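Reader: I've just opened this one and I'm not sure where to look. Could you walk me through it?

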Amino acid sequence: MIEGINLTYGESELAFAVIKQAWDDASLPLNGYDNRSARNFLCGHPKIWRQSLAFWCALSGLNIDYLMRVSRQKWKPYLLKRGNKWKSR
């Protein structure tokens with residue numbers, strides 16, 4: 001997912017692993033509950049997921065705005081397919 005990142009602290013490595021696992025789960029070809037939850041988490045949609053994503057991004061040192069922008073470009077159609085209305089920030 002993200003190349004060239006070297007983390008030195010255990011907490012940062014754990015936070016990065018959480019985000020990477022969510023990315024891996026969201027990228028699976030299935031469209032089950034776990035996939036949708038991972039996509040919503042990475043897209044920061046709805047607001048409750050954004051708060052959790054902000055925590056993990058801050059801990060890992062990743063830029064939340066960049067991660068959400070990339071995630072929303074990739075998975076926005078999946079959110080719309082489920083009938084959720086998409087609101088831009």
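**Starting from the core**

Reader: Which residues touch the most other members of the largest nonpolar core?

Author: Keep in mind that this is a predicted model. The largest nonpolar core has 18 residues. Those touching the most other members are I19, F41, L42, L53, C57, L67 and W75.

Reader: And which element gives the largest share of this core?

Author: Two or more residues each come from α1, α2, α3 and α4, the last of these running over 64-81. The largest share is 6 residues, and the element giving it is α1.

Reader: Which residues is C57 in contact with, leaving aside its neighbours within four places in sequence?

Author: C57 is one of the core residues that touch the most other members. Contact here means heavy atoms within 4.5 Å. With neighbours within four places set aside, the partners of C57 are I19, L62, I64 and L67.

Reader: Back to α1: where do its buried residues sit, seen down the axis?

Author: The buried ones in α1 are S12, A15, F16, I19, A22, W23 and A26. Looking down the axis of α1, they fall within an arc of 120°, so they line one face of the helix.

Reader: What does α1 reach from its first C-alpha to its last?

Author: Helix α1 covers residues 10-27, which is 18 residues. At 1.5 Å a residue you'd expect 26 Å, and the model comes close to that. The span is 25 Å.

Reader: How many helices and strands are there in the protein?

Author: Going from the N terminus, the elements run α-α-α-α. That fits the tally of 0 strands and 4 helices.

Reader: What kind of peptide bond joins H45 and P46?

Author: P46 is in the loop between α2 (33-43) and α3 (47-60). Most peptide bonds are trans. The one joining H45 and P46 has an omega of about 0°, so to speak plainly, it is cis.

Reader: How much of the protein counts as buried?

Author: The protein exposes about 6,000 Å², with carbon and sulfur atoms supplying 53% of that area. To count as buried, a residue needs under 20% relative accessible area. Of the 89 residues, the buried share is 34%.

Reader: Last one: over which residues is the pLDDT below 50?

Author: The mean pLDDT of the protein is 82, and 76% of its residues reach 70 or more. One stretch falls below 50, though in the model it has 11 contacts beyond near neighbours in sequence. Where pLDDT is low, the predicted coordinates should not be read in detail. The stretch to treat that way is residues 85-89.

Notes
Residues numbered from 1 in each chain as written. Predicted model: local features only at pLDDT ≥ 70, side-chain atom pairs only at ≥ 80, totals over all residues. Heavy atoms only, no water. pLDDT = per-residue confidence, 0-100. Expected span 1.5 Å × (residues − 1). Buried < 20%, exposed > 50% of the residue type's maximum accessible area, 1.4 Å probe, protein only. Arc of directions from axis to C-beta. Core = buried A, V, L, I, M, F, W, Y, C linked by side-chain atoms within 4.5 Å. Areas by Shrake-Rupley, 256 points an atom, 1.4 Å probe, with all protein chains shown as cover.
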